[in-house]
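I opened this notebook to record what I looked up in the structure, element by element. The entries follow the order in which I consulted the model.

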Amino acid sequence: MTPVRWRSYAGVLLLVGCRNLLPAGAPSSAVDAPAQMPPEIQNSSNFPVVSAAVISPSDRALSLALASAVRVRGLPSRRAFGSEHVDRTRMGAIVRKELAAIPQEAIRNEATEQKLLSLVAPAADYEEMVVGMVSAQVAGLYSPLARTLYVVDDDPRGSPEEHALLVHEMVHALQDEHFDLGERVRWRAESTDQTAAAHALAEGDATLAMLLDGGGHRELSDRFIADFTTGMMETNRQILEGKVPRSIADSLVSPYVDGMRFVWRLYVRGGWDAVNAAWRDPPVTTEQLLHHGKYVTHEGPVPLVGDPVGPKDFSLASAHTVGELDVRDWLGAFVACEVAESHAGAWENGRMELFARGDERALRMRIRWDADAGPTAQRLARHLEKSFQMRFGRPRPSALFHCVERPNVGPLAWAASPRELVVLAGPASFSGGQLPTSGSSCASLRSWAERAIPLP
Ligand SMILES: [Zn+2]
């Protein structure tokens, strides 16, 4: 699982969006209606079963949308897919069903990691928080497993919004038919970063197709895409402010934001042929997604050396990659966005290790920086120290590491060398449904830190 929750869900819940993300005051004429925003992230409408092969004449809205998707995306539709319009309660049930493809233990581990990293509150019901956010926000969803589109029955039929939503979802069906979308976004314990990159490619592709269908490319420009994606992120933050932590809110729209930016760069250079080529040779990390040059040169992650090191008598419960997007989101919870973005950009690789002993859990996170990252790690460590001090009190002095003590989830320690940032958290006791507790301290963490911090 990713340490930064949402993407592990998003891989399965792909194609989910939230409502009303159009930035307030955004000119609706920037492109012709209905093409201001991803259709999944606006109120949607209902539609009956459609199949690429069989659309009855009465399904006019569906026929039009499919014709638009095929025309604008330049891909034929030969494989049937279903569709269903549902009320919000039923959509909640569909969201839960889609999530059932992820092992419960993986979701529990992710929740534990989020709490140990202080990204969500110790008392939060993490799974319910995420599922609740999605169920409340989603307008449409395409399930590769069911080969079916689901659309929430919120808007009048035949509206421009409904058309845009249908085009977007049908492009996902085309992606599934031509590029095996379902397999590419299937949840895998070890490749959540790669899945996040594929998910963003899918959302960027479908969103761009929708925009082109609505407005034609005459109106689209670098400036428009930049404003559009920034506005989406900011509006989403406003909507979810105070409801979920910002890192979780951001992860809901980052597949659209980062995916649009990535796909737009391909499209302006080589049209849909370039996007199709990216499906055959997709970005394998979110670093490649975020830095086009690294995608072009196929710069892969440099393997992280060293075995997992947990507290004494703990065993490894799970381990997974921490991608650049994960790092950006984690840092964004503690330091200014620009600081998070610029430092995350020095990502070379990252690793999360979660350890267990009975109900107790502890984690070690390592973030390895590029060789030419300069003083990134030390500078970042100072930013983090300031932020942690504000939230948890003055760090305990130690030559080896910095450490703060937190209620419920125990100590949080970190240390930086020029090439690496290491974070240790816990141990704390997580027994089902109850507030975590910890009897650990910065002092008791020392013997683990001496083994776990691979610094000179
Ligand atoms: Zn989508």
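**Entry 1. The three-stranded sheet.**
I began with an open sheet of 3 strands, whose order is E1-E3-E2 and whose pairing is mixed. I note that the model is a predicted one. Strand E1 (82-86) and strand E2 (140-143) are at the edges with a single partner strand each, so one side of each has no neighbour in the sheet. From one strand to the next, I find an average twist of 15°.

I then looked up how E2 is joined to strand E3 (residues 148-152): there are 4 bridges, and the two strands run antiparallel. Gly140 has Val151 in E3 as its bridge partner.

Which helix touches E1, E2 and E3? Helix H3 (residues 88-99) packs on the sheet in this way, and its direction makes about 140° with that of E3. I also recorded helix H6 (residues 160-179), which lies across E2 and E3 and runs at about 15° to E2.

**Entry 2. The six-stranded sheet.**
I turned next to a second open sheet, in which 6 strands follow the order E4-E5-E6-E9-E8-E7 with antiparallel pairing. Its edge strands are strand E4 (315-321) and strand E7 (402-406), each of which pairs on one side only. The twist from one strand to the next averages 15° here.

I followed the strands inward from E7. E7 and E8 run antiparallel and are joined by 5 bridges. His402 is paired with Trp414 in E8. The two strands form a hairpin with 3 residues between them, and I noted that Asn408 in the turn has a positive phi of about 75°.

Strand E8 (residues 410-416) is in turn joined to strand E9 (residues 420-429) by 5 bridges, and these strands run antiparallel. Within E8, I found Ala415 opposite Val422 of E9.

**Entry 3. Backbone details.**
Where is the cis peptide bond? I located it between Gly426 and Pro427, with omega at about 0°. Pro427 belongs to strand E9, so named in the six-stranded order above.

I also checked Ser118, which is not a glycine yet has a positive phi of about 60°. Ser118 sits in the loop between helix H4 (104-116) and helix H5 (126-137).

**Entry 4. The bend in H10.**
I compared the span of helix H10 (residues 246-280) with that of a straight helix. A straight helix of 35 residues would span 51 Å at 1.5 Å a residue, whereas H10 spans only 33 Å between its end C-alpha atoms. I then looked for a bend in H10 and found a kink of about 130°, centred on Gly270.

**Entry 5. Helix packing.**
Two packed helices are described by the angle between their axes and the distance between the axes. I looked up three pairs on that basis.

*H9 with H10.* The axes of helix H9 (residues 222-240) and H10 come within 9 Å and cross at roughly 170°. The two helices are therefore roughly antiparallel to each other. The H9 residues in the contact include Ile225, Met232, Met233 and Leu240, and those of H10 include Leu252, Val253, Tyr256 and Trp264. By class, I recorded 11 nonpolar, 2 polar and 4 charged residues for this contact.

*H8 with H10.* Here the axes are 7 Å apart and the packing angle is about 70°. That makes H8 roughly perpendicular to H10. Among the H8 residues in this contact are His199, Leu201, Glu203 and Leu208, which meet a set in H10 including Pro255, Tyr256, Phe262, Trp264 and Ala278. The classes are 12 nonpolar, 4 polar and 3 charged. I note that Tyr256 and Trp264 of H10 appear in the contact with H9 and also in the contact with H8.

*H2 with H8.* The axes of helix H2 (residues 60-73) and helix H8 (residues 192-215) come within 9 Å and cross at roughly 105°. H2 and H8 are therefore roughly perpendicular to each other. Ser68, Ala69, Val72 and Arg73 of H2 make the contact with Ala209, Leu212 and Asp213 of H8. I recorded 4 nonpolar, 1 polar and 2 charged residues in it.

Note on methods
Residues numbered from 1 in each chain as written. Predicted model: local features only at pLDDT ≥ 70, side-chain atom pairs only at ≥ 80, totals over all residues. Pairing = 2+ DSSP bridges. Axes fitted to C-alpha atoms, helices over the stretch in contact; angles between N-to-C directions. Expected span 1.5 Å × (residues − 1). Bend = angle between axes of the 7 residues up to and from the residue. Parallel < 35°, antiparallel > 145°, perpendicular 65-115°, else oblique. Contact = placed C-beta atoms within 7 Å. Nonpolar A, V, L, I, M, F, W, Y, C, P; charged D, E, K, R; others polar.
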